[in-house]
Amino acid sequence: MTTQLYLIRHGEATSQIHQFLRDDGLTELGVRQAERLRDRLIATREIQADVVIASTLPRARQTAEIIAPAFELPIIFDDEVQEMLEGEAHGLTYDEYHERYGPGPDFLHQPFKPIAPGGESWPSFALRVATALERITQEHAGKSIVIVCHGGVIDNSFAYFFRYSSFAMPPAHFFTQNTSITQWREDEHKGTSFWRLIRYNDNMHVRGLETDTLIPWEQLPLPKRKRYQVDQPDEPASEQ
């Protein structure tokens with residue numbers, strides 16, 4: 001069986017709006033984003049999950065609980081898919097952080113400097129995410145796995161699956177949207193297993209959120225579900 005991994009970012013969080021380093025859960029908009037995702041997934045059944053995992057931070061926990069009816073599975077909460085840990089900076093406003101610790105860490109040029117004492121550096125964060133993804137995909141091999149997590153976790157999934165350096169933040173950044181779906185699929189070609197990126201930043205469910213018009217998910221055709229296979233290259237023509 002093919003392993004499918006769906007990474008879902010949480011809805012808009014209060015920390016995104018009020019600029020502080022603590023987690024008070026979702027904003028009103030974040031709740032609505034998660035509800036739209038839930039309604040989409042219930043209507044389309046496009047993710048046939050076997051296991052649902054969520055970060056223990058409130059914004060991810062709340063998002064997972066809102067969309068849970070789409071899967072009808074218990075949520076497994078996992079500390080290892082949390083966002084980067086702030087250490088002693090937790091709870092500070094941005095102004096308080098800058099007053100106490102100066103400008104934020106430059107992960108491109110000083111990757112091993114933690115965000116604050118007791119917090120994570122970029123490489124330690126990347127290692128935690130990679131270790132968690134390795135563990136989860138091995139424990140649930142052959143299944144469809146949903147992880148409700150954070151932008152930084154999704155960003156680092158690219159480092160893990162594409163095997164590029166995680167010693168520093170890459171110079172090209174990602175822009176992962178709230179409640180978007182990122183999908184990875186494990187394929188096999190000539191006896192070698194590898195991961196393929198299927199979609200990134202799929203947040204069609206929040207388009208037109210400011211209007212009363214809902215996307216008619218039930219009426220949209222979906223591709224037939226089947227065991228995916230890698231396209232095989234054409235065999236060279238035999239010499240005549």
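Start with the whole chain in a cartoon view: the secondary structure of the protein comes to 6 helices and 6 strands, and the model you are looking at is a predicted one. Followed from the N terminus, the elements run β-α-α-β-α-β-α-α-β-α-β-β. The radius of gyration is 20 Å, close to the 18 Å that the globule rule gives for 240 residues, so the protein is as compact as a globular protein of that length. If you switch to the C-alpha trace, its span along the principal axes is about 75 × 50 × 30 Å.

Before zooming in, colour the residues by accessibility, and you will find that 47% of the 240 residues count as buried. With the surface turned on, the accessible area comes to about 13,300 Å², and 52% of that area belongs to carbon and sulfur atoms. Should you draw a contact map, consider the contacts between residues at least 6 apart in sequence: 71% of these join residues at least 24 apart.

**Aromatic rings**

Next, show the aromatic side chains, among which a search of the whole structure finds 13 pairs. Select F158 and F174, whose ring centres are 4.3 Å apart with planes at 25 degrees; planes under 30 degrees apart count as stacked, so this pair is stacked. F158 belongs to helix α6 (residues 151-162), whereas F174 sits in the loop between α6 and β5 (181-189), 16 residues apart, and the pair thereby links distant parts of the chain. F158 counts as buried at 5% relative accessibility, while F174, at 28%, counts as partly exposed.

Now move to F162 and W184, where the ring centres are 5.3 Å apart and the planes stand at 70 degrees, so that this pair is edge-to-face. Because F162 lies in helix α6 and W184 in strand β5, the pair ties together parts that are 22 residues apart in sequence. Here F162 counts as partly exposed, with 45% relative accessibility, and W184 is buried, with a relative accessible area of 0%. To see the wider setting of these rings, select F158, Y160, F161, F162, F174, W184, W195 and Y200 together, since ring pairs link them into a cluster.

Two further rings are worth displaying together with a charged neighbour. The charged end of R22 sits over the ring of F20, 3.9 Å from the ring centre. In the second case, R61 lies over the face of F77, likewise at 3.9 Å from the centre of the ring.

**Salt bridges**

Finally, display the charged side chains, which form 11 salt bridges in the structure. Begin with E46 and R199, whose closest N and O atoms are 3.1 Å apart. This bridge links distant parts of the chain, with E46 in the loop between α2 (28-44) and β2 (51-55) and R199 in strand β6 (residues 192-202), 153 residues apart. E46 is buried, with a relative accessible area of 17%, and R199 is also buried, its relative accessible area being 17%.

Keep R199 selected and add D202, with which R199 forms another salt bridge, the closest N and O atoms being 2.6 Å apart. R199 and D202 are both buried. Adding R40 to the selection completes the picture, as salt bridges that share partners join R40, E46, R199 and D202 into one network.

The last stop is the salt bridge in which the side chains of R196 and D187 meet, at 3.0 Å from N to O. R196 counts as partly exposed at 32% relative accessibility, whereas D187 is buried, with a relative accessible area of 4%.

Conventions: Residues numbered from 1 in each chain as written. Predicted model: local features only at pLDDT ≥ 70, side-chain atom pairs only at ≥ 80, totals over all residues. Heavy atoms only, no water. Phe/Tyr/Trp six-rings, centres within 6.5 Å; stacked < 30°, edge-to-face > 60°. Helix = DSSP H or I, 4+ residues; strand = E, 2+ residues; numbered from the N terminus. Buried < 20%, exposed > 50% of the residue type's maximum accessible area, 1.4 Å probe, protein only. Lys NZ or Arg CZ within 6 Å of the ring centre and 35° of its normal. Rg over C-alpha atoms; globule rule 2.2 N^0.38 Å. Contact = heavy atoms within 4.5 Å. Areas by Shrake-Rupley, 256 points an atom, 1.4 Å probe, with all protein chains shown as cover. Salt bridge = Lys/Arg side-chain N within 4 Å of Asp/Glu carboxyl O.
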